[in-house]
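The report below works through one model, beginning with a single helix and moving outward to the chain as a whole.

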Amino acid sequence: MYALEINHVTKTYSNNFKALDDVNFTLKEGDFVGLLGVNGAGKTSLISSVAGINSFHGEIKVMGHDVLSDVVNAKRNIGVVPQEIAFDPFLTVMQTLKFQSGIYGVNDNQKWLDELLERMHLQDKAHANTRSLSGGMKRRLMVAQALVHKPSLIILDEPTVGVDVEIRKNIWDFISELHQQGHTILLTTHYLEEVEKLCNRIIMIDKGKIIAQSSKDELINQAGDLPSTLELTTVNGRFVAVLSDLIIGRDGNKYILRLSGHEQIATILNALVSNNVIIENININKPKLEDIFLHYLGR
Ligand SMILES: Nc1ncnc2c1ncn2[C@@H]1O[C@H](COP(=O)(O)OP(=O)(O)OP(=O)(O)O)[C@@H](O)[C@H]1O
Ligand SMILES: [Mg+2]
């Protein structure tokens with residue numbers, strides 16, 4: 001079964017602006033997918049459509065339940081951490097979580113709510129009013145709020161904006177744990193290193209259209225000649241003239257070479273060794289997700 005099916009989804013806002021243009025993709029149960037796109041690409045428009053906040057044309061199913069015709073079952077299976085922060089200003093942190101649980105008809109989950117607050121480092125704030133929370137704390141409460149009913153599909157729209165480094169790591173660890181327990185995750189974030197580490201698949205959206213979707217390695221292969229680099233440190237910074245065209249940077253005795261293919265490595269090393277250049281350190285850098293992303297955006 002698919003955790004999420006997006007079929008021919010188009011979203012046109014009332015000013016006639018088309019934010020989503022025939023979007024199609026699926027998430028299998030257990031996927032951890034990164035949804036990448038620049039500001040205004042359509043990520044939040046898509047997530048709002050899945051969450052039932054936006055009207056749209058096309059079909060969206062969550063765990064097999066149509067979000068329009070089978071709303072209750074679809075909603076029960078999905079937890080969304082929205083990009084915009086909004087809380088009832090008169091409730092405390094714990095009341096917010098209880099109220100949210102009530103929406104899903106869950107009322108015996110105190111242990112889970114306590115655990116959520118602990119994992120989001122908000123246990124001291126359980127009885128504080130939501131207005132009194134800092135920006136990062138509010139963001140963490142949004143994550144907890146989306147998880148009160150332990151949804152199968154968790155969608156996070158930039159969950160760690162404004163969250164400090166240490167707690168950001170804690171949130172990623174927690175989300176990874178939920179993934180390991182079998183939850184399906186769709187994540188948007190501008191922290192590409194995290195996507196690179198966490199996600200098994202990447203979907204790229206630009207101007208409301210999907211422009212690529214695959215594993216990172218497949219995206220690299222499909223992109224053709226993305227630059228890998230070879231960093232070489234040699235004794236006294238010696239080098240050989242025949243390789244000088246490959247050099248794209250130098251830092252002291254360290255040279256950075258652009259590789260057009262991995263088979264080139266042997267040629268480079270042979271040239272150095274046969275000219276008695278002694279190599280102190282060598283490092284191969286695969287293309288980063290950022291390079292791949294820019295490639296697909298055509299920038
Ligand atoms: N209510 C609205 N009315 C008209 N246009 C809208 C509305 N909401 C969003 N848009 C437009 O739709 C496009 C996509 O916006 P969206 O919020 O989905 O982008 P995003 O990918 O989430 O960007 P970001 O990374 O900045 O959050 C933008 O051009 C935006 O201005
Ligand atoms: Mg957005």
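In this predicted model, the face of helix α6 that is turned away from its buried side carries the exposed residues E166, D173, E177 and Q180. The buried residues of α6 are R168, I171 and I175; seen down the helix axis, the buried residues fall within an arc of 60 degrees, so they line one face of the helix. The cover over these buried residues includes α5 (135-146) and β8 (184-188). Helix α6 itself runs over residues 165-180, 16 residues in total, and its first and last C-alpha atoms are 23 Å apart, which is close to the 22 Å expected at 1.5 Å a residue. Just after the helix, G182 adopts a positive phi of about 115 degrees.

**Backbone and loop positions**

Most residues other than glycine have a negative phi. Two residues that are not glycine, M63 and E158, nevertheless have positive values, of about 45 degrees for M63 and near 50 degrees for E158. The table sets these two beside P287, a further loop residue, for which the loop and the C-beta surroundings are listed in the same way.

| Residue | Loop between | Other C-beta atoms within 10 Å | Class |
|---|---|---|---|
| M63 | β4 (57-62) and β5 (65-66) | 20 atoms | buried |
| E158 | β7 (153-157) and α6 | 19 atoms | partly exposed |
| P287 | β14 (279-285) and α10 (289-297) | 18 atoms | partly exposed |

M63 counts as buried because 20 other C-beta atoms lie within 10 Å of its own, and the class begins at 20 or more such atoms. E158, with 19 C-beta neighbours inside 10 Å, therefore counts as partly exposed.

P287 also brings together parts of the chain that are separated in sequence: P287 and S228 are 59 residues apart along the chain, yet their C-alpha atoms are 5.2 Å apart in space. When neighbours within four places in sequence are left aside, the contacts of P287 are with I220, L226, P227, S228 and I292.

**Domains and their contact**

The domain assignment divides the chain into domain 1 (2-214) and domain 2 (224-297), and the C-alpha centres of the two domains lie 41 Å apart. Their contact takes 8 residues from domain 1 and 5 residues from domain 2. On the side of domain 1 that touches domain 2, the elements giving two or more residues are α7 (192-198), β9 (201-206) and β10 (209-214), with α7 giving the most, 3 residues. By class, this side of domain 1 has 6 nonpolar residues, no polar residues and 2 charged residues.

**The surroundings of ligand 1**

Which residues are the closest to ligand 1? They are Y13, N39, K43, T44 and S45, out of 13 residues that surround the ligand. Helix α1 (residues 43-50) supplies the largest share of this shell, with 3 residues. Divided by class, the shell around ligand 1 holds 4 nonpolar, 8 polar and 1 charged residues.

**The chain as a whole**

The chain contains 10 helices and 14 strands, and its C-alpha atoms fill a box of roughly 75 × 45 × 35 Å along the principal axes. Of its 299 residues, 32% count as buried. Among the contacts with a separation of 6 or more, 67% are accounted for by residues 24 or more positions apart.

Methods:
Residues are numbered from 1 along each chain as its sequence is written. Chains are lettered from A and ligands numbered from 1 in the order in which they are written. This is a predicted model: local features need pLDDT of at least 70, side-chain atom pairs count only at pLDDT 80 or more; totals for chains, interfaces and linings use all residues. Helices (H or I, at least four residues) and strands (E, at least two) are DSSP runs, numbered from the N terminus. The expected span of a helix is 1.5 Å times one less than its number of residues. A residue is buried if 20 or more other C-beta atoms lie within 10 Å of its own, exposed if 12 or fewer, and partly exposed in between; C-beta atoms are placed from the backbone. The arc is that of the directions from the helix axis to the C-beta atoms. Two residues are in contact if their C-beta atoms, placed from the backbone, lie within 7 Å. Domain bounds come from an automatic or database domain assignment. Ala, Val, Leu, Ile, Met, Phe, Trp, Tyr, Cys and Pro count as nonpolar, Asp, Glu, Lys and Arg as charged, and the others, Gly among them, as polar. A residue is near a molecule or strand if its C-beta atom, placed from the backbone, lies within 6 Å of it.
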